[in-house]
Structure formats: C-alpha cells, structure tokens
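Reader: Could you pick one residue for a close look, and then carry on from there through the rest of the chain? Keep it casual, but give me the cut-offs as you go.

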Amino acid sequence: MPERFDTVLRTFRRRAGLTQEELAERAGLSARTIRALERGQGRTPRMASVREVAKALGLGVDDQRRLLSTAAADEPEASAEPGPLGRRRYLPYDIPDFTGRTSELDRLAELVGGGGASAVVVSAIDGMAGVGKTTLAVHAAHLMAGRFPDGQFYCDLHGFTPGHAPMDPASALEALLRMAGVDGTRIPHTLQERSALWRTTLSGWRALVLLDNAADAEQVRPLLPGSASCAVLVTSRRRLLSLEGAVPLSLDVLPEAEACALVTLVAGRHRFTDTPEAVAEIAELCGCLPLAIRMAAARLAHRPAWRAEDLIAELRVGSPRSGRGGDEQAVSAAFTLSYARLSPGHQRLFRLLGLHPGADLDPYAAAALAGTDVATARQRLEDLVDVHLLEQYEPHRYQLHDLLRRHTLEVLHEIEPPAQREEAELRLLDHYLHTALKARPLVAPGQRLLAFEVARQPAGTPDVSDRAAALAWYEAEHTNLVEMIKHAAAQGRSEHVWRYAHVLQHFFDIRGRTLDWVHTHELALAATEHLDDRLAHAETLISLAVACWYAGRYEDAFHRGLEALALCREIDDAWGEAVILTNFGIAQGTLGQSEEAIDLHQQALALYSGIDAPWGEALSLTSLGTVYARLGRVAEALDHHRRALDRYRGIGDPWGEALTLTNIGTGYRQLGQFGEAVGHHARALCLSRRMGDRRAESEVLNDLGATYHAAGRREAARRRHQQALDIAGAIDNSPQIARAHQGMAYALAPEDPAAARDHARQALAAQGELSAPEAAQLTTFLDTLAPGPPPGH
C-alpha cells in the first residue's frame, strides 16, 4: 500500500520534536494549515507549501524526495488551504408550532433558492407590529439552511424597539463579522472599511443573512454581502422601497383559516370540542395577529378549568388603551389578560424586565433586577416563555418583543414606585459590575485595579472562574456592558460609569473594541470631573490616551497623556506616572531618540520598583531591552528581556510573556542564531493567538518576517509580513503597517523591484511610524531600486 502524505508528514514532525504550531512558524504557514495537512483534509497539498515544510523540518535529500513524492501522488485528501469556516449557525430558535403562511414560504423558497442569480438575493418582509415578520423569517431561514452550508447569520437591528435607538450599521457589522469568525481586533474602525471586510469575508460563501427589525434602507445597505451565492432576509415595519434590488413581501394579519388553525394549535384542539365556533371568535378578538393569538391561546392551554367562553369573556373585558391602532389594541387585550393571570412574583419580574437597557439578559441579570435567587428567576423566565410573554432565541438568553416591552414599561411606571425602580436598576448595575470585577484579574493579572466596593452583592454570578470563562462572559455580555455604561451616564451615576470603564479597559484593548474603548472612557472622563476622586480621573486619562492612540487620534493621545502626567505627579500617583513615562518612552524610541527613551524607561522602572509592581517592572525592562537592541547592545537587551520574562511568568501574564518572547527572538536574530530566534517568535505567536490579541500577533509576525529575511528565506519572510499587513491594516495598527511594508520591500526586491519600491514608499509615507534609523535605511534602499523620487520629493 503506498504511503500517505499526512502519515509521512506527521512522522517527520514528531521525529524533529516539533509541535504543529512550531512547525507552522518555521515553515511560514498557519497552524491550521499544518493541522489540515496532517489530518488529510481537503485537496492535494500545494507543492510550494510542502517544500517550505521540508525546509523547516531540516530533511535530508532522500527524506525531502519521500515527502514531496507522497504529496504529489496523494489522492485529493489533503489541503494546505482549508475552505470557508463553515457551519456557523446563528439563527434564533424556530418555534415548534409555526403554522400557516404557506404562500409566503413558497415565495421565499422560490426567490432565495431559484439559482442562477447574478447579484445578492434580498427579500424585504414588511408589516405591522405583531404580524409575525420575525417568526416567518426565522422559520423560512431554518427551512432553507441546507442551501447555505457556510453559515446563517442573524442580527436584530432594533429599528423599532422602545427605549433603544436603532443599531448603527457599524455596530451591526462588528457583530456580523465576529459571527463570521473575524477576530475583534481585526475589525476596522470605519463603516466603509467594515462593510468592505464583510463583503470580502463572505465572498464565495453560500451564506444566509437575516437582518431583523430594520429601521430603513440606509441601515441595511452597508450590511449586504457582495457575493451572489449569498441571500438576505430583511424584516421591517416599513416598506424598504429604496433598497436597491430588494424584492418586497408584505405581511397582513393571518387569514381567518390560518388564525383559527393557530388558536387550536396553541390552545389544543380538545379545548373546542363542544364549542368549535369559539375558535373564530378568539381569532377575531385577537385581530388575527399571531402575537396576540399566541398570548391569549396560551392562557387557555395553561388553565385546564377554563372553557373557551371564559377566554372570550376575558378578552372582551380587556380594555385596550386609547389611541392605539387595531394591531396594538389586539395585543393590548391579550397582554392585559396574560399579565393579569400571572402570579405576583411573575408579574413583578416581567415588568422589571423593561428596566434592562440591553438587548437581552440571562437568569443572573433577571435575578438581580427582581432581587431574588437565580433558580427562581430562571424558572419564572421559562414560565414567561411558555405563555409567549418572553422570547428565548438561544439557550438561557431572553428578550422582549418590541410591543411587549412598551406594555411592560407602561405597567412598570403605573405600579412600581420610583424608589423600587431605582433600587432594581442599581441591583442590575451592581450585578454586571461585580461580575466584571471578579473576571478582571483573570484577564489582566498584575495590572492596577483601583480599589472600590460594589454596594449590592448579587445572589449569584455567572461562571468566570478561569481566563477562558471570563473572556467568554465578556464576549457574551459586551453589548449589555456598553449599554450599562451609557445608561449609567444618562442617569448621572458617575461612580458606576468610571468603575465600569476602568474594569473593562483591558478587555476593550485585547479584543480590539477600540471605538467602544474611546467612547466609554470619554463618558468616564466626564463622570470623574464631577467627582472628588482625582485618582479615578487620572486613571481614566491614562487609559483614554492609549485608546486614542490606537484609534489614530494621536494629538488627543499626546494631550491626554500630558494632562495625566501632570495630575499623577500632583497627587503623587507613582503607578500612573510610571505608565505614562513608559508610553512616552516607547514613542521616543520609535522616533529614534534612544537616550531620551532610556531615561524615560529608567525613571519608570525606578517608580515601579519603589511600589513593588512586577507587571510594571517587566514592561519597563522589556521596553529598555528593545532600545538597547536598536543600539546594538544585544547582551544587555537579552538580559533585560529575560528579567522581564521571569516577572511576567511570575504573575501569570501571557500577554506580557508573548511580548517579551518575541523581543528575545529579535535579540537572537541580531546574534545570527536564527533557530533560537524563530523558536521564541513561534512561542510568542502561539500565545498571542491563544489570547486573541491581534495587535500583538501583527507585531510578532513582523518580527518573524525580519528573522526569516535575515536567515535568507525571503519567501517565508514575505508571507509573514503579508499576514502582519493584513491584520494590522484591519485594526489600523499604523506602526505595524509601516513595518510590514518595510519588510515586504526588502523581501521582494530581488524578484520584483517595482513591487518592492511600492512597499518602500508606503512604509515611508507612514510618517513617524518607523524609527529614524529605519526610515533613513529604507530611503537609501529605495534609491537603489530605480526610478521615481521617494514620497514628498
């Protein structure tokens, strides 16, 4: 039996004592590619990739031939480039008792599944509130899911949600891109760039996108994919007549026959054995609106002692509020009936749900609102789902229908005293803050966390017992956390605003949510100006300066940093002063002002040492090492990096460890020890990817590229710089964009001088992002390449 490529590759890798990740780094490939090759997935491996693997393994001539021959002869079972991420399922639950709408479903199936489309198929479903637009769209999406194997995506745009502004398209695109597998730190800042990345990501995919509750065409237009293999379903209360290429589908109330069928399905056919005429009357009293029918019929289903006539009588006496349209009158009557029959505990929880400013909530948040235990809250939430007063679109996440949210708020303000409403809001704010505070040390070990007490301890908190669980909770609750900060600011709760921002700053950083970082900290800065807490004000200034830097607002970053430095010195805040000095030292080093940078870092190190802050000492040490390396003082650089590495490992900080490992790799590169250099870079890259820190990933990739170039492996260097450029460009990491262009220029020069010249010019055009010596060297290099003056000449 002939040898298989995947088996031979695995044998050679293990013989070399390398992990898949280490082999990937040495070969200039992704770890995902190596895993795919060893699993025999996909098509025949590309020979260029196999040659790189053979070099990385250090194979002799005979072993190289063996590996290459098995790759060429292998059946189409191994692939160097796996296809789309696939199997991304984000559709809400499909209700089990869906009924009717046969013609509409047939129309959608014909439209979306017709094939041969030359453009993205868009169906815009419009209709009054409560008519069942979302239910129809979700049901149709589930029926058609098999035609879109690469993913089905869902986003609630909150176009008509009481108490919510419509979601801006940029935020919607961030959510969709994350669903599609794009890391948060790779998501650009601007709407245009996000829209372009969304279209690029879905290019060639067979994907279905459901955009629910759209406000208008302008909100939807940037969210449309660009590939004709994709389809989009949009729901809105308005007809989206100006949405180019959209095929409208207007929903009216259910036809009488379908309305009656829904009544019997939800309530149970046996409830109408003696009074079949009651079915039509119930449907009529509910205005043939699916939402109203479900609420009313669910009451009958859950009341065995009731007769159909009892339900009819209750619906007749349910007094709709004046000034409403027919749809809201029907829903109001059904709501009044359903709410009145709840137990006092269920009623109170239900009306308090209207206080939640976010899009959804879990049982822990519900327990905080109601001031009860989590088990009770969870059971009551499930009971509300059973009677169709609450929607559950994914496990343990609950949300209100827009019409029901309006009713909830009205009842809340009629029944709940202001003092009790305020106390419920504070319990909710403290619940999220308590959980975030508990998770923070796990994701940012060793960094400063200002001391404060959460006044109201929740009855229970979600699992944030380790770093992975803490990050998962942050991701799941991100939108709610940002809304909590905005809500607290609107309510004048200044203490909550700055505390939330302070606790969340590291999460905003590592997950690439730069715009949220800036916006929340601007709110926090305004809040601290009203408080007698100068330390909180200084800490907010420090964090905001870094956020502005990442957002490309360099002047703001500089001025905020100077303001923070003056305040820290005034209040004798050694930690804050040291952080700012370190940041300024990094900036000076980039500008080529090495002596100034060394002085700033040494000042910071002395301050950190005086307050026993190992995280800060580590940052200062490795920053000093970077400056020494630029000066050619490699032994001193490596000594400082190793001391920093010990401190980072001592406090369990993987982000700092990754930074220092790649710096050590750079030192070994300068010594000509390329194997050691690549090994350290590889470990740094694995840590960065494991932590989801794409800013660090782009930096490490550029370091790897430089090392490969120094070792004479130009193609591997080019690949790494290209990967760094892709990531840095997506997250607007200007220094690494410049470095990537610089590396590409050097790597391409022998084979493609024109492309090298273009990359060199782009690197030089990034004013101030390269160090002065790097810029001078690159200018000289550009002059040797050929015609055309450098930028600005």
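Author: Let's start with Asn 213, which lies in strand S3, residues 207–214. Strands here are DSSP runs of E at least two residues long, helices are runs of H or I with at least four residues, and both are numbered from the N terminus. Bear in mind that this is a predicted model, where local features need pLDDT of at least 70, side-chain atom pairs count only at pLDDT 80 or more, and totals for chains, interfaces and linings use all residues. Residues are numbered from 1 along each chain as its sequence is written, and side-chain values use heavy atoms, leaving out hydrogens and water.

So what about the backbone at Asn 213? Its phi is near 60°, a positive value in a residue other than glycine. Most residues other than glycine have a negative phi. Asn 213 is also buried, because its relative accessibility is 9%; buried means under 20% relative accessible area, exposed over 50%, and partly exposed in between, with a 1.4 Å probe and protein chains only.

Asp 572 also has a phi near 60°, again positive and again not a glycine. Its setting is the loop between helix H25 (554–570) and helix H26 (574–590). With a relative accessible area of 68%, Asp 572 is exposed.

Now for some helix residues. Thr 264 sits in helix H11, residues 256–267, and is buried at 11% relative accessible area. Leaving aside residues up to four places away in sequence, Thr 264 touches Arg 269, Phe 272 and Val 279, where a contact means heavy atoms within 4.5 Å. Gly 625 belongs to helix H28, residues 614–630, and its relative accessible area is 0%, so it counts as buried. Under that sequence cut, the residues it touches are Ala 637, His 640 and His 641. The C-alpha atoms of Gly 625 and Asn 663 are 8.0 Å apart, with the two positions 38 residues apart along the chain. Ala 754, in helix H35 (residues 753–765), is partly exposed at 44%. From Ala 754 to Leu 785 is 31 residues in sequence and 8.0 Å from C-alpha to C-alpha.

On to the cysteines. The structure has zero disulfides, a disulfide being a pair of cysteine sulfur atoms within 2.5 Å. Take Cys 288: the closest cysteine sulfur, in Cys 260, is 7.0 Å from its own, which is too far for a bond. Cys 288 is buried at 14%, and Cys 548 is buried at 1%.

As for empty space, there is one cavity of 30 Å³ or more. A cavity is a set of points on a 1 Å grid over the protein atoms alone where a 1.4 Å probe fits but cannot get out, and lining residues have an atom within 4 Å of a point. The largest cavity holds about 50 Å³, a volume being the space filled by probe spheres set on the points, with grid points joined across faces, edges and corners. Its lining includes His 356, Asp 360, Tyr 398 and Arg 405.

Stepping back, the chain has 36 helices and seven strands. Of its 793 residues, 57% are buried. Among contacts with a separation of 6 or more, 69% join residues 24 or more positions apart.

Definitions and conventions. 1 Å grid on protein atoms, 1.4 Å probe; cavity = no way out; pocket = protein on both sides within 12 Å on 5 of 7 lines; lining within 4 Å.
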